[in-house]
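Student: I have a structure open and I'd like to learn how to read it. Could you walk me through some features, one at a time?

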Amino acid sequence: MNRNEIITSLKNNPSPAVLIVGAGINGVGAFRDLALNGVDVLLVDRDDFCSGASAASSHMAHGGIRYLENGEFRLVREAVGERNRMIQNAPHLVRPLPTTVPMFKIFSGLLNAPLKFLNWLDRPSERGAVVIKAGLTLYDAYTGKTRTVPRHQFRNRTDSLDRWPRLNPLVRFTATYYDGAILSPERYTAELVLDAEAEGGRALNYVSLAGIDGQNVILRDKLTLQTFNLQPKLIVNAAGPWIDAANGTLGLRTRYIGGTKGSHLVLDHPELRAAIRGNEFFFENKDGRIVLIFPFYDKVIIGTSDIPVEDPDETRCTPEEERYFIEMVARVFPTIQIGPEHIVFRFSGVRPLAYSHAKTTGQITRDHEIQEDKLGGIPVYSLVGGKWTSYRAFSEQVADKVMDFLGIKRNKDTRQLPIGGGRGYPRSDEERQRLLQGWQAWTNLPLTRLEELFDRYGTLAEKVALHIAKGPDQPLETVAGYSRREIGYLAGHEKIVHLDDLLLRRSNLAMLGLITRPALDELAQILAESLAWDAEEQSTEIARAIEILADKHGVRL
Ligand SMILES: Cc1cc2nc3c(=O)[nH]c(=O)nc-3n(C[C@H](O)[C@H](O)[C@H](O)COP(=O)(O)OP(=O)(O)OC[C@H]3O[C@@H](n4cnc5c(N)ncnc54)[C@H](O)[C@@H]3O)c2cc1C
């Protein structure tokens, strides 16, 4: 069903069993699980799918080794298992990522992550290395027998500098272990939404929870500004950092969230990209802040901060954060110069952490919980906390509770269920070659082009390729590696409403710094053809995209 058909169906029958408010990863995860089990479920988001905290993450599918320090063994164990599942179920979007922790002898408040690990801040570095070793051994044990990722490895200074010659020579040891890199959290979420719709769920972006009138929940379509009423049996509040605000809209006074802001920069810096050799560098500063240097295609992401905030709508990456990140990176790779000219994109968001009186933000639990309220006879479940990585387990817990209330028995689970372009994913180079040759036979597209599409969309590339093959196609004039019909496919099949949905969430174009003013014009013109925008709508979309890129991402066109 398209957007208008869904809204009409809701006006005709305004009683879906479950209304989920918020299409970040937690709302979408619960949506998929419920749809899969035949529950009549509607998902709405006031913006696009994956446009809140879920788009601001550090892109790590990780167990969170540092949470061991807080004694959160259950969470780490669960998250390591979920990291493995993400790599297995969505191999086109989540890849094993070697992650290296540098350890230094003289800490003096700097680069002290290893010692912070068990609060042995003032012990010699050798002890730190022992502590890290113990933590990583436990981490490896949590990975289990499947060995989705290799075991950790310790290196002394000589070996470390051999491998990373630009590393600060004061390094005493490095420890390399494996986590996962989420190459596009936005596409991952969108593909989950499409999977759930194939199972009968209904999802609407740009529809907000607007109020309550007796038993009627009021939703507003942000495109037409029209409101419509629903009478769900149950509401799942998955509004992330906005959970308390959304509860307030329903007339419930809650204080579940005490969010902290985190920002990142994307750098176009070939020298730094080469220096890290495909590894993420990861350590914790004295104040508990995580510093990460993360390989992202041919770019590098650096971050992140952890600052308590009141208003999640106002988060932006500030100049102070920028300076801090650049300074921290320079201390690990002291001979590499980074300046503002290398920044191609900024992003910032709020972790929807549970409200807490913890002394430092690093001590606030990253675990998840369901808070339950009642709205007359209707239960409202608020999804508090959690990590991207543990979304599936959290969603399962939510879906079980919802189905319990509705008296529905679970008949399918998502543990081993592939996601989007992870379905039928080839597990060896030979299989991949065979698959692509098969596609080539019925699409006549060059093998190099099919490779490109496969890298971007996994096995969904087959559908994209078939669509491309059905008509005359041309490469984009403004962005290498993309074509007009490829963009047309995304517009027609992936619930794109605004131009920025394409730039920021169905592709990595903006994040990789590939958007120029001519590119905006060309992409808007293709979307206009697919989505039947007139000239005025097209220029409104361009103006909107320019404003969002400048305001939220510091990209000035
Ligand atoms: C800086 C940062 C770094 C992080 N790094 C990692 C990491 O590397 N690995 C990891 O596992 N986790 C990480 N996390 C945590 C993870 O990203 C979050 O826990 C997770 O994305 C939360 O998802 P959510 O669905 O609960 O919230 P969100 O993604 O924020 O979704 C909530 C949605 O609700 C919508 N909404 C709000 N109000 C309304 C309304 N009235 N009507 C309709 N819709 C509404 C919003 O538009 C939004 O899309 C990080 C988080 C941050 C902020």
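Student: Let's start with Val 464. Which element holds Val 464?

Tutor: Val 464 sits in helix H14. Keep in mind as we go that this is a predicted model.

Student: Is Val 464 buried or exposed?

Tutor: Buried means under 20% relative accessible area. Val 464 has a relative accessible area of 1%, so it counts as buried.

Student: And what is Val 464 in contact with, apart from its neighbours within four places in sequence?

Tutor: Leu 453, Tyr 457, Glu 486 and Tyr 489. For a sense of distance, take Asp 521, which is 57 residues from Val 464 along the chain: the two C-alpha atoms are separated by 22 Å.

Student: Glu 486 caught my eye. Which side chains does Glu 486 meet in salt bridges?

Tutor: To call a salt bridge, look for a side-chain nitrogen of Lys or Arg within 4 Å of a carboxyl oxygen of Asp or Glu. Glu 486 meets Arg 449 that way, at 2.8 Å from N to O. Arg 456 also forms a salt bridge with Glu 486, with the closest N and O atoms 2.7 Å apart. Arg 456 lies in helix H13 and Glu 486 in helix H15, so this pair ties together parts that are 30 residues apart in sequence.

Student: What about the Arg 449 pair: how far apart are its partners in sequence?

Tutor: They are 37 residues apart, with Glu 486 in H15 (residues 484-493) and Arg 449 in H13 (residues 447-457). As for burial, Glu 486 and Arg 449 are both buried, and Arg 456 is buried as well.

Student: How many salt bridges are there in the whole structure?

Tutor: A search finds 41. One of them joins the side chains of Glu 271 and Arg 166, at 2.8 Å from N to O. Glu 271 lies in helix H9 (residues 270-276) and Arg 166 in the loop between helix H6 and strand S6, so the pair ties together parts 105 residues apart in sequence. Glu 271 is partly exposed, at 37% relative accessible area, and Arg 166 is partly exposed too, at 28%. There is also a network of salt bridges linking Asp 48, Asp 500, Asp 501, Arg 505, Arg 506 and Arg 544.

Student: Now a charged residue without a partner. How far is Glu 280 from the nearest side chain of opposite charge?

Tutor: That side chain is Arg 83, 10.0 Å away, and Glu 280 has no salt bridge even though it is buried. Glu 280 is in strand S13 (residues 280-284). Setting aside neighbours within four places in sequence, its contacts include Met 60, Leu 97, Thr 99, Leu 292 and Phe 294.

Student: Leu 292 is in strand S14, I see. How do I read the two faces of a strand?

Tutor: In a regular strand the side chains alternate between the two faces of the sheet. In S14, Ile 290, Leu 292, Phe 294 and Phe 296 are on one side, with Val 291, Ile 293 and Pro 295 on the other. Both faces are covered, and seven of the seven residues in S14 (residues 290-296) are buried.

Student: In what sense do S14 and S15 pair?

Tutor: They pair in the antiparallel sense over five bridges, S15 being residues 299-303. Leu 292 stands opposite Gly 303 in S15. The hairpin has two residues between the strands, and Tyr 297 takes a positive phi near 50° there.

Student: Last topic: how do you find empty space?

Tutor: Rolling a probe the size of a water molecule over the atoms shows where empty space is left. The second largest pocket here has a volume of about 1,200 Å³. Its lining counts 46 residues, and Leu 194, Gly 492, His 493, Glu 494 and Lys 495 lie nearest its centre. Helix H7 gives the most to that lining, with six residues.

Student: And how many cavities of 30 Å³ or more are there?

Tutor: Two. The second largest cavity has a volume of about 40 Å³. Among the residues lining that cavity are Arg 32, Glu 82, Tyr 188 and Thr 414. Helix H3 supplies the largest share of the cavity lining, four residues.

Technical notes
Residues numbered from 1 in each chain as written. Predicted model: local features only at pLDDT ≥ 70, side-chain atom pairs only at ≥ 80, totals over all residues. Heavy atoms only, no water. Buried < 20%, exposed > 50% of the residue type's maximum accessible area, 1.4 Å probe, protein only. Pairing = 2+ DSSP bridges. Lys, Arg positive; Asp, Glu negative; His and termini not counted. Contact = heavy atoms within 4.5 Å. 1 Å grid on protein atoms, 1.4 Å probe; cavity = no way out; pocket = protein on both sides within 12 Å on 5 of 7 lines; lining within 4 Å. Points joined across faces, edges and corners; volume = space filled by probe spheres on them.
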